[in-house]
Amino acid sequence: VTTDDPVPSDRSRVRRKADRGRYDRATIDAILDEAVICHVGVVHDGTPVVLPTVHARVDDVLYLHGAAGNQLLRDASGPADVCVAVTLVDGVVFARTAFHHSINYRSAVLFGRASLVQDDGEKRHALDALVEHVACGRAADARPPTAAELRATAVVRFPIHEASAKIRTGGPIDDVEDLTLPVWSGVVPLRTVASEPITDDNGVPGLSPPAYARNYTRP
Ligand SMILES: Cc1cc2nc3c(=O)[nH]c(=O)nc-3n(C[C@H](O)[C@H](O)[C@H](O)COP(=O)(O)OP(=O)(O)OC[C@H]3O[C@@H](n4cnc5c(N)ncnc54)[C@H](O)[C@@H]3O)c2cc1C
């Protein structure tokens, strides 16, 4: 834990299975960077709305983007707090009893206020980061946004300072009296695996997929 690590606030402190809670930025950042998408929770007209979207972390800031008229981003950059959740599923845990089935995971939950990015330079930097988040190396290859595309895009900046991670690893935790049940038990690990790239044949013929597409992995 460094001085930059978020100190758990009352609402970000993991209470249930508190030993699975982490607050150091290295753990939280690694989860944010590996996950392709997050879920953003806002309250719209008194109704909670949680929507999936792509994010990108640049140092202490999480950027979100969407159409200029995007309601979620409008709500997120308003005066109310926002909650962002990021989830990585690492395995399915089969216990001998229905009760003790579980999931191995790494997840992060962030609270805070977000704001609309007004500065075009920061906007371009954030949009580059979003492309790089999806595929490291892609921003240098793709045509940058035009001025019109930039105007059509809203970018939201969400400072990371109130955050928690929660991590479950390992096998099933059955009660001792259930260990003699003749039921298979264990873990099926899960991971994100990319398949072969499928070239779009509408464009210039003969282009090969770049390395970041051929060997697509998450950091
Ligand atoms: C893939 C996956 C599947 C899950 N399935 C279940 C399930 O089926 N049933 C179930 O009860 N729980 C499940 N959980 C755990 C769930 O996310 C909660 O941690 C748990 O339900 C406890 O809720 P609570 O409101 O009592 O948490 P509390 O401990 O009271 O939460 C307090 C604060 O701790 C932090 N926190 C809590 N959970 C998380 C988290 N997962 N990641 C990061 N920070 C967190 C937040 O800041 C939260 O505001 C799952 C988690 C993941 C990632």
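Is aspartate 59 buried or exposed? Hold on to that one for a moment, and let me tell you what we're looking at. This is a predicted model, so please keep that in mind as I go through it.

Okay, aspartate 59. With a relative accessible area of 58%, aspartate 59 is exposed, because anything over 50% gets that label. You'll find aspartate 59 in the loop between S3 and S4. Its backbone is a bit unusual to look at: aspartate 59 is not a glycine, and still its phi is positive, at about 55°. That residue belongs to the hairpin of S3 and S4, where two residues sit between the strands.

There's another aspartate to point out while we're on this topic. Aspartate 45 also isn't a glycine, and its phi is positive too, near 50°. Aspartate 45 belongs to the loop between strand S2, residues 37-44, and S3. Is it buried or exposed? Aspartate 45 has 72% relative accessibility, so it counts as exposed.

Now let's walk from the hairpin into the strands. S3 covers residues 47-58, and it runs antiparallel to S4, with four bridges joining the two. If you'd like one pair to find on screen, look for alanine 56, which stands opposite tyrosine 63 in S4.

On to S4 itself, residues 61-67. Why is S4 described as largely enclosed by the rest of the structure? Well, five of its seven residues are buried, so that's where the description comes from. S4 also pairs with strand S8, residues 153-159: those two are antiparallel as well, and seven bridges join them. A pair to look for here is valine 61 with its bridge partner in S8, proline 159.

Next up, the ligand. How many residues surround the ligand? The count is 16, and the closest are Arg11, Arg15, Arg16, Ser107 and Lys166. Let me zoom in on some atoms. A polar backbone atom of arginine 15 is 2.7 Å from an oxygen atom of the ligand. Right next in the numbering, arginine 16 has a backbone N or O atom 2.8 Å from a ligand oxygen. Serine 107 comes in with its side chain instead: a polar atom there lies 2.7 Å from a nitrogen atom of the ligand. As for cover, the ligand on its own has 880 Å² of accessible area, and the protein covers 56% of that.

So where does the shell come from? Two elements each give two or more residues to it, namely strand S6, residues 102-112, and strand S9, residues 162-168. S6 has the largest share, with six residues. If you sort the shell by residue kind, you get seven nonpolar, four polar and five charged.

Last stop, serine 185. This residue lies in the loop between S9 and strand S10, residues 186-189. Unlike our two aspartates, which are exposed, serine 185 is buried, because its relative accessible area is 18% and the cut-off is under 20%. What does the side chain of serine 185 reach? The backbone oxygen of phenylalanine 94, at 2.8 Å. If we skip neighbours within four places in sequence, the contacts of serine 185 are Phe94, Ala95, Arg96, Pro172 and Asp174.

That's my tour, so over to you.

How values were computed:
Residues are numbered from 1 along each chain as its sequence is written. This is a predicted model: local features need pLDDT of at least 70, side-chain atom pairs count only at pLDDT 80 or more; totals for chains, interfaces and linings use all residues. Side-chain values use heavy atoms; hydrogens and water are left out. A residue is near a molecule or strand if one of its heavy atoms lies within 4 Å of it. A polar contact is a pair of N or O atoms within 3.5 Å; within protein, one must be able to donate a hydrogen and the other to accept it, and residues adjacent in sequence count only if both atoms are side-chain atoms. Accessible areas come from the Shrake-Rupley method with a 1.4 Å probe; for residues, only the protein chains shown count as cover. Ala, Val, Leu, Ile, Met, Phe, Trp, Tyr, Cys and Pro count as nonpolar, Asp, Glu, Lys and Arg as charged, and the others, Gly among them, as polar. Buried means under 20% relative accessible area, exposed over 50%, partly exposed in between (1.4 Å probe, protein chains only). Two strands pair if DSSP finds at least two bridges between them. Contact means heavy atoms within 4.5 Å.
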